[in-house]
Amino acid sequence: VKEGLSGRYAIVGVGESDVGRRLGRTDLALHLEAATRALADAGIEKKSIDGLMTRPTMAEPQFNYSASLAARLGIQPTYITDVAMSGASSVAMVLNAVAALEAGFCTAVLCINGDVQTRDGRSRGGLTSIVEDFEKPFGMLGAPVTYGLPARRHMHEYGTTSRQFGEVAVACRMHASLNPNAVYRTPITIDDHQRSRMVVDPFRLLDICPRTDGAGAVIVTSAERARELAQAPVYLLGLGEFNTHADVQYAPSMTSVAMRRASERAYAMAKLHPRDIDVAELYDCFTSVVISTLEDYGFCAKGEGGSFVENGRIRLGGELPVNTGGGLLSQAHASGFLHITEAATQMRGQAGDRQVIGAETAIVSGQCGALGINACMIIGKHAN
Amino acid sequence: LIARPVMPAPNADTAPFWDGCKQGVFLLQRCSVCTTFRHPPSPICPECLSAENEWLQATGLGTVYTFVIVREALRRGWEELVPYVVAVIDLDEGPKFVTNVVNIEPDLVTIGMRGKIVFPPMDDSSMLPLFAP
């Protein structure tokens, strides 16, 4: 452990919820009670909390639970994590809080854990939540609906078109056709995109990333050690995260979202600007997400993402090649991890037919929560 | 209307809302301290963190903020319901609310369209708050 870490950080607020058996209260209610008591105990304003860690409970497990708790507390943290380590999660939260504080990803972390273990009747089980009760009965059933809502809003506010969505699909497929480790390798045209059937209007079939199997992994170590190993190091230059919302339907804005401040933090750390970036690997569960990300990552003004992707600008040979491995749309899903492996491969100059000549910097977007949760990374061939 | 394959499972936080629906009443939760309306229901106010709250009958009036048209069943059991509109409604009280726009052809729905929460008869007599222009 780093010299000087001992004694550098401190617990400043403690809160316990009421405890008991068959309290008849929800996990969420207990979490928020403990959290608000810790805030009051510390005498700290909630707006000072820029880190949040928690664990989704067994009885009411929920995607992106830490983001959901942040929304209930009315805060927008720069660092969140769901620590799913069962009994070790409580201490592990504090350990991870210190790592995040030391790195400077946040300055005050709220750690929350605990659950309702006794209740009358069966627990809900499965991956459900109170939020889903306000979605599923209305047929809000999965990502095409969740992401379709901000996509339509983007079209309404800025005149973005389905053909422009299609440009993203075509670029990803072109790049996948040059990637031997991609699932969908047959090139497509804008007309193919326009002829593909409307599944969840405004999304056509070719706007939606297919279900695929796949995984990725990387090993991270110090720059000194990296230089002694087999491959040329790919340096981590910038990292930034931001969280604006857990559920897009309740977001203050659907078009100015988490990516903007996540990327600002990454650019600041890297001391680089959008014009310095050679390759972009942008989370593309849907074509529209790439357009929003290009805007928020500063490659064009807000609202101009649709025209930015036209005329081959994001294809290999264009001004900013995007998703050079094919992305989620054409390579494989893997929760976006293959954006990292592809970006690193590009930095090493090992991307074969799809190598971006002379590429020395790459930006990678990790995204979820329908544009509400974003982690941004900038890597480079050279250390700054 | 065709009944939904999935219905809410109310808990201690959400029961007042769904109990209201059973009576055909559209209730919203409001902070008793700072008087901010909130949705979805939550034990504390996201503005001032107070746990004091009350349930008030809302006007049900609102504006379509955005929407999608689901043209293919995304889960088993929804085949007879497509095409249907999932919309985010900007309620006049402030919060946003997800529901279906009914009593109109899906292709005629537009952003900015005004309407009101209604409880149309469902063929299993359940009560869901839907939005009609």
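Here are three short exercises on a predicted model, each with a worked solution.

**Exercise 1. The sheet in chain A**

Work out the strand order of the open three-stranded sheet in chain A, and find which strands stand at the edges.

*Solution.*
- Start with the order: the open sheet of three strands reads β2-β1-β3 in chain A, and the pairing is parallel.
- Now the edges: β2 (79-82) and β3 (109-112) of chain A each have a single partner strand, so one side of each is left without a neighbour in the sheet.
- As for the twist, it averages 10° from one strand to the next.
- Zoom in on one pair: strand β1 (residues 51-54) of chain A runs parallel to β3(A), and four bridges join them.
- Within these strands, A:Leu52 has A:Leu110 of β3(A) opposite.
- Then add the helices: α2(A) packs on the sheet, where it touches β1, β2 and β3 of chain A, and its direction makes about 125° with that of β1(A).
- Helix α3 (residues 89-103) of chain A also lies across β1, β2 and β3 of chain A, running at about 165° to β3(A).

**Exercise 2. Two helices meet**

Describe how α1(A) and α2(A) pack, from the geometry down to the residues.

*Solution.*
- Geometry goes first: helix α1 (residues 27-42) and helix α2 (residues 65-73), both of chain A, pack at an angle of about 60°, and their axes are 11 Å apart.
- Handedness next: the crossing of α1(A) past α2(A) is right-handed.
- On the α1(A) side, the contact uses A:Leu28, A:His31, A:Leu32, A:Ala35 and A:Thr36.
- Facing them from α2(A) are A:Tyr65, A:Leu69, A:Arg72 and A:Leu73.
- Finally, sort by character: the residues of this contact come out as six nonpolar, two polar and one charged.

**Exercise 3. Hunting for disulfides**

How many disulfides does the structure hold over all chains, and why does A:Cys368 have no bond to A:Cys285?

*Solution.*
- The count is zero disulfides over all chains.
- Recall the cut-off: a disulfide needs two cysteine sulfur atoms within 2.5 Å.
- Try A:Cys368: the closest cysteine sulfur is in A:Cys285, and at 9.3 Å it's too far for a bond.
- While you're there, check exposure: A:Cys368 is partly exposed, at a relative accessible area of 25%.
- Then try B:Cys31: the sulfur of B:Cys48 is the nearest cysteine sulfur, 3.6 Å away, and B:Cys31 is in no disulfide.
- Its exposure is easy to call: B:Cys31 has 0% relative accessibility and counts as buried.

Key: Residues are numbered from 1 along each chain as its sequence is written. Chains are lettered from A and ligands numbered from 1 in the order in which they are written. This is a predicted model: local features need pLDDT of at least 70, side-chain atom pairs count only at pLDDT 80 or more; totals for chains, interfaces and linings use all residues. Side-chain values use heavy atoms; hydrogens and water are left out. Axes are lines fitted to C-alpha atoms, for helices over the stretch in contact, and angles run from 0 to 180 degrees between N-to-C directions. A crossing is left-handed if the near helix is turned anticlockwise from the far one by less than a right angle, and right-handed if clockwise. Contact means heavy atoms within 4.5 Å. Ala, Val, Leu, Ile, Met, Phe, Trp, Tyr, Cys and Pro count as nonpolar, Asp, Glu, Lys and Arg as charged, and the others, Gly among them, as polar. Buried means under 20% relative accessible area, exposed over 50%, partly exposed in between (1.4 Å probe, protein chains only). Two strands pair if DSSP finds at least two bridges between them.
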